[in-house]
Amino acid sequence: MLRILQFIFAVLGIAFAAYGLITGNFQFQNYMMLSLGIMFLVMSIQEFKEDRKAYGWLLLLTSLFTL
């Protein structure tokens, strides 16, 4: 379930970034950053579940910074 959420938010972030680069219209940049922040949050939850706490904390701080 977490892998599916990670994939969905990664695809959303890439789609918003590609739209901005292709059209030159960056009105969806906030949504891109939101989807990437949520993706990092999901990744940190995965790392905590796999008992890799150092990488989990790093991803959690990254997601909080991005959000």
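## Lys 53 and its partner

Let's start with Lys 53, which is partly exposed in this predicted model. Its relative accessible area is 47%, and that falls short of the 50% that a residue must pass to count as exposed. The side chain of Lys 53 pairs up with the side chain of Asp 51 in a salt bridge, with 3.6 Å from N to O. Asp 51 does make it over the line: its relative accessibility is 56%, so it counts as exposed.

## The other salt bridges

How many salt bridges does a search of the whole structure find? The count is three. Besides the pair we just met, there is a little network that links Glu 47, Glu 50 and Arg 52.

Arg 52 takes part in both of the links here. With Glu 50, the closest N and O atoms are 2.2 Å apart, and with Glu 47 they are 2.7 Å apart. What about accessibility? Arg 52 is partly exposed at 44%, and Glu 50 is partly exposed too, at 41%. Glu 47 is another story: its relative accessible area is 9%, so it is buried. As a general point, side chains of opposite charge can pair when their charged atoms come close.

## Two helices side by side

Now for the helices H1 and H2. H1 covers residues 2-23 and H2 covers 29-49. Their axes come within 8 Å and cross at roughly 155 degrees. Since angles over 145 degrees count as roughly antiparallel, that makes H1 roughly antiparallel to H2. The crossing itself is left-handed.

Plenty of residues meet along the way. On the H1 side they include Leu 2, Leu 5, Phe 9, Gly 13 and Ala 17, while the H2 side brings in Tyr 31, Ser 35, Ile 38, Val 42 and Lys 49, among others.

Gln 6 is one to look at in H1. Is Gln 6 buried or exposed? With a relative accessible area of 17%, Gln 6 is buried, because the limit for that is under 20%. Leaving aside neighbours within four places in sequence, Gln 6 is in contact with Met 39, Val 42, Met 43 and Gln 46.

## The nonpolar core

Which residues make up the largest nonpolar core? There are five in all: Phe 9, Ala 10, Met 39, Met 43 and Leu 59. The elements giving two or more residues to this core are H1 and H2. In general, nonpolar side chains in soluble globular proteins tend to be buried together.

Leu 59 has some contacts of its own to follow up. Setting aside neighbours within four places in sequence, Leu 59 is in contact with Phe 40, Met 43, Ser 44 and Glu 47. Two of those names should ring a bell: Met 43 belongs to the core, and Glu 47 is part of the salt-bridge network.

## A buried serine in H3

Finally, find Ser 63 in helix H3, which runs over residues 53-66. The relative accessible area of Ser 63 is 1%, so this serine is buried. What does Ser 63 touch, once its neighbours within four places in sequence are left aside? Its contacts are Gly 37, Phe 40 and Leu 41. Phe 40 is also in contact with Leu 59.

Note on methods: Residues are numbered from 1 along each chain as its sequence is written. This is a predicted model: local features need pLDDT of at least 70, side-chain atom pairs count only at pLDDT 80 or more; totals for chains, interfaces and linings use all residues. Side-chain values use heavy atoms; hydrogens and water are left out. A nonpolar core is a set of buried Ala, Val, Leu, Ile, Met, Phe, Trp, Tyr and Cys residues joined through side-chain atoms within 4.5 Å. Buried means under 20% relative accessible area, exposed over 50%, partly exposed in between (1.4 Å probe, protein chains only). Helices (H or I, at least four residues) and strands (E, at least two) are DSSP runs, numbered from the N terminus. Contact means heavy atoms within 4.5 Å. A salt bridge is a side-chain nitrogen of Lys or Arg within 4 Å of a carboxyl oxygen of Asp or Glu. Axes are lines fitted to C-alpha atoms, for helices over the stretch in contact, and angles run from 0 to 180 degrees between N-to-C directions. Angles under 35 degrees count as roughly parallel, over 145 as roughly antiparallel, 65 to 115 as roughly perpendicular and the rest as oblique. A crossing is left-handed if the near helix is turned anticlockwise from the far one by less than a right angle, and right-handed if clockwise.
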